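Student: Could you walk me through this structure? I would like to begin with the overall fold and then turn to particular residues.

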Amino acid sequence: LVSKSDGRVIVPLRVPLLPSGEGAARVFAALVLKAFSPEADLERLGRHASNILVSAELRRHADLDPLTGLLSRQAFARHLPGAAERLAQGDSVAFMMVDVDGLRDLNAARGVEAGDELLKTMGALALGALGSTGVAVRYGGDELVLLVPVSGLDAATEIADCLRRSLDQLVGFGEPAPTVSIGMACGPQHGDDPSSLLFRADQALGRAKA
């Protein structure tokens with residue numbers, strides 16, 4: 001796309017990246033830019049475009065927990081203002097805290113590798129249950145936090161039940177299979193800001209585990 005007002009070139013690119021910014025990103029960026037602006041300094045523009053792409057890719061990887069592939073706790077903080085805005089507009093937002101029951105026992109019996117594999121499986125199942133509308137975070141060692149826009153409390157409860165069924169009885173991790181506990185708080189019914197909803201979800205998780 002070319003902006004006629006200032007001549008800027010905006011092109012969506014998805015190409016393999018190298019850490020240095022060289023290679024495919026730079027070559028592809030230069031080829032695309034050449035089609036729009038034959039007189040441009042292709043080396044300079046290609047270098048600039050590839051640097052932007054590499055920076056975005058590095059930032060994306062920094063946002064993810066390396067074990068589960070879910071968002072890191074630090075990255076999660078950037079989603080809270082959006083949740084606050086939804087709540088201020090009267091929309092419903094659910095916070096769910098998910099915790100593995102007996103992970104310490106699993107690690108003791110089968111090794112840390114088994115526990116890590118279970119957390120990877122949990123991350124994949126959580127993403128599958130959420131679809132494209134929610135945010136899944138590795139919040140602590142064996143705790144996940146899910147942030148989900150919902151139509152109301154009933155919808156939030158249905159999602160939590162679906163998630164619990166998909167995570168409960170995680171096969172392949174011993175007998176009896178590990179289970180999960182989930183604590184949920186849904187705004188605006190249980191609070192009108194992300195901090196209070198997270199606190200209430202944590203309280204609900206404590207009751208669930210008890």
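Tutor: We shall take the sheet, the helix across it, the cores and then some single residues, bearing in mind that this is a predicted model.

Student: In what order do the strands of the sheet run, and what is the sense of the pairing?

Tutor: The sheet is open and has four strands, arranged 2-3-1-4, with antiparallel pairing. Strand 2 (135–138) and strand 4 (179–187) are the edge strands, each with pairing on one side only. On average, neighbouring strands are turned by 20 degrees against each other, direction ignored.

Student: What holds strands of a sheet together in general?

Tutor: Strands in a sheet pair through backbone hydrogen bonds, and the arrangement is either parallel or antiparallel.

Student: How are strand 2 and strand 3 connected?

Tutor: They form a hairpin, with four residues between them. The antiparallel pairing of strand 2 with strand 3 (residues 143–150) extends over four bridges. Within it, Ala136 has Leu146 of strand 3 as its bridge partner.

Student: Strand 2 is at the edge. Are its residues buried or exposed?

Tutor: Strand 2 is covered on both faces. Val135 and Val137 are buried on one side, and Ala136 and Arg138 are buried on the other.

Student: Which helix lies across the strands?

Tutor: Helix 6 (residues 112–130) does, lying across strand 1 (92–101), strand 2, strand 3 and strand 4. Its direction is at about 0 degrees to that of strand 3. Helix 6 contains 19 residues and spans 27 Å from its first C-alpha to its last, close to the expected 27 Å.

Student: Which residues of helix 6 are buried, and what do they pack against?

Tutor: The buried residues are Ala114, Gly115, Leu118, Leu119, Met122, Gly123, Ala126 and Leu130. They pack against strand 1, helix 5, strand 2, strand 3, helix 7 and strand 4.

Student: How many residues does the largest nonpolar core have?

Tutor: It has 29 residues, and those with the most contacts inside it are Met96, Val98, Leu118, Met122, Leu146 and Leu163. Two or more residues each come from strand 1, helix 5 (103–110), helix 6, strand 3, helix 7 (153–167) and strand 4. Helix 6 gives the largest share, six residues. Another core, of 18 residues, lies apart from it and includes Ala75, Val135, Val145 and Leu198.

Student: What is Leu118 in contact with, leaving aside its neighbours within four places in sequence?

Tutor: Leu118 is in contact with Val100, Leu103, Leu106, Leu170, Phe173 and Pro178.

Student: Changing topic: how many disulfides are there?

Tutor: There are zero disulfides in the structure. As for individual cysteines, Cys186 counts as buried because its relative accessible area is 0%, which is under 20%. Cys162 is partly exposed, at 38%.

Student: Which residues is Ser92 in contact with, beyond neighbours within four places in sequence?

Tutor: Cys186 is one of them; the others are Val148, Pro149, Val150, Ser151, Gly152, Gly187, Pro188 and Gln189. Ser92 lies in strand 1 and is buried, with a relative accessible area of 9%.

Student: Finally, where is Asp192, and why does it count as exposed?

Tutor: Asp192 is in the loop between strand 4 and helix 8 (194–209). It counts as exposed because its relative accessible area is 60%, and the cut-off is over 50%. Asp192 and Gly90 are 102 residues apart along the chain, and their C-alpha atoms are separated by 9.0 Å.

How values were computed. Residues are numbered from 1 along each chain as its sequence is written. This is a predicted model: local features need pLDDT of at least 70, side-chain atom pairs count only at pLDDT 80 or more; totals for chains, interfaces and linings use all residues. Side-chain values use heavy atoms; hydrogens and water are left out. Two strands pair if DSSP finds at least two bridges between them. Axes are lines fitted to C-alpha atoms, for helices over the stretch in contact, and angles run from 0 to 180 degrees between N-to-C directions. Contact means heavy atoms within 4.5 Å. A disulfide is a pair of cysteine sulfur atoms within 2.5 Å. Buried means under 20% relative accessible area, exposed over 50%, partly exposed in between (1.4 Å probe, protein chains only). A nonpolar core is a set of buried Ala, Val, Leu, Ile, Met, Phe, Trp, Tyr and Cys residues joined through side-chain atoms within 4.5 Å. The expected span of a helix is 1.5 Å times one less than its number of residues.
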